[in-house]
Amino acid sequence: MKLNEVKFDCIHFRGDIPCAPNKKRGQVCPTCTEYKAIKTKILIIKLGALGDVIRSTPLITRFRKKYPNAHITWITHSPAILPADKIDKIYKFDFNAVYHITHQQYDVAINLDKEIEACALLSDVQAKEKFGFIWKNNHIDIANEKAEHKLMTGLFDTLSIQNKKNYLEEIFEICGFDFQQEPYLLNYNKDLAEKWTVLREKAGTKIIVGLNTGCGKRWSTRLWPSDYWLELIVRLQKANYFPVLLGGEDENEMNNLYRDKTGAYYPGTFSLEEFIALTSNCDIIVTAVSMMMHIAIGLKKPMLLFNNIFNKHEFELYGKGIIVEPHTGCDCYYGNTCIRSKNCMQDISVEKVFSTIGELSIKLK
């Protein structure tokens with residue numbers, strides 16, 4: 001075989017190592033029965049945050065539909081959250097990744113982040129079409145006109161508060177699509193999920209309610225009070241639910257305290273992949289706006305979503321969730337400090353949360 005017989009445009013071609021069809025089945029280009037030419041090369045730049053990366057994955061489905069035989073590359077700070085079987089190449093953002101990407105040629109390149117490094121990368125990428133946010137004239141700018149709405153709502157709270165489009169409608173619009181309820185794509189490990197069927201064994205016939213008790217450190221104004229969580233756990237137990245405490249390292253001490261005071265089941269902290277597997281065995285999720293919200297959406301779980309500081313219109317819950325907000329409203333839009341003497345999250349009563357979980361339970365039947 002000669003060099004001019006190598007099919008460099010094949011979706012299986014690697015270059016640095018033999019392709020999978022050659023390695024596993026001895027295929028060679030001139031006679032290969034698995035040759036599949038790349039029709040469109042697409043680059044998605046979505047570095048963070050973790051939840052935002054998850055909720056951008058519905059774009060993959062739409063791009064696959066519009067561009068059959070597309071080769072999709074995604075660069076991010078959190079590669080572990082992305083489904084490797086749905087994306088051809090996933091890069092963790094670092095010098096090597098940027099070097100590789102800027103020496104490729106793409107048909108379509110999208111940047112959905114507003115940070116300088118992401119915008120600068122879209123500027124440097126060679127692509128026939130560019131969408132989203134770009135670095136130009138020493139500041140962030142739009143790569144295409146349809147990105148203007150999303151950019152402006154991020155620049156001014158007064159515009160953001162008035163926005164009625166959810167995040168998915170916004171990013172689909174940027175890419176020239178209309179959002180059609182394309183689902184999230186998660187890195188879901190079925191084998192790990194099987195391990196956590198132990199939850200069902202412990203719960204018996206009871207409804208398993210996953211309580212994600214934290215909200216991260218960036219906006220602590222979202223946190224529901226500890227005494228409310230304790231009261232809710234006890235009420236759920238008395239009503240024959242099976243509450244499970246969920247969270248990461250930041251919530252570990254608090255969740256241990258809740259476990260000790262109520263006897264609620266707390267499995268501990270885990271890797272992201274195992275946390276998704278654990279969550280998949282819950283029937284209902286209760287959470288603030290956080291990474292857990294996106295995991296629950298990805299797993300199609302009924303969900304009670306606490307919200308106070310964000311515009312509720314930005315959330316797409318696919319008909320599976322109920323948003324619960326303070327009846328007194330919130331004065332701290334995207335704020336990390338509360339200007340009231342009493343945080344508005346204290347105005348979301350345990351009774352309201354308990355009754356909403358009851359509503360979600362009815363939908364399970």
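How much space lies in the second largest pocket? I looked this up in a predicted model, and the figure for the second largest pocket is about 580 Å³.

**Pocket lining**

I next listed the residues around the second largest pocket and found 18 in its lining. Nearest the pocket centre are Ile-11, Phe-13, Arg-14, His-71 and Lys-89. I then asked which elements give two or more residues to this lining. They are β2, spanning 70–76, and β3, spanning 89–92. By residue class, I noted 7 nonpolar, 5 polar and 6 charged residues in the lining of the second largest pocket.

**Whole chain**

I turned to the protein chain and its secondary structure, which comes to 15 helices and 11 strands. For overall dimensions I took the C-alpha atoms along the principal axes; they fill a box of roughly 75 × 50 × 35 Å.

Which radius of gyration would a compact globule with 365 residues have? I noted a value near 21 Å for such a globule, and the protein chain has 23 Å, so the two agree.

**Burial, contacts and surface**

I checked burial with the cut-off of under 20% relative accessible area. Buried residues make up 50% of the 365 residues in the protein chain.

For contacts, I considered pairs with a separation of 6 or more. Of these contacts in the protein chain, 58% come from residues 24 or more positions apart.

Last, I looked up the accessible surface of the protein chain, which comes to about 17,800 Å². Carbon and sulfur atoms account for 51% of that surface.

Notes:
Residues are numbered from 1 along each chain as its sequence is written. This is a predicted model: local features need pLDDT of at least 70, side-chain atom pairs count only at pLDDT 80 or more; totals for chains, interfaces and linings use all residues. Side-chain values use heavy atoms; hydrogens and water are left out. On a 1 Å grid over the protein atoms alone, a cavity is a set of points where a 1.4 Å probe fits but cannot get out, and a pocket is an open set with protein on both sides within 12 Å along at least five of seven lines; lining residues have an atom within 4 Å of a point. Grid points are joined across faces, edges and corners, and a volume is the space filled by probe spheres set on the points. Helices (H or I, at least four residues) and strands (E, at least two) are DSSP runs, numbered from the N terminus. Ala, Val, Leu, Ile, Met, Phe, Trp, Tyr, Cys and Pro count as nonpolar, Asp, Glu, Lys and Arg as charged, and the others, Gly among them, as polar. The radius of gyration is taken over C-alpha atoms; the globule rule is 2.2 Å times the number of residues to the power 0.38. Buried means under 20% relative accessible area, exposed over 50%, partly exposed in between (1.4 Å probe, protein chains only). Contact means heavy atoms within 4.5 Å. Accessible areas come from the Shrake-Rupley method with a 1.4 Å probe; for residues, only the protein chains shown count as cover.
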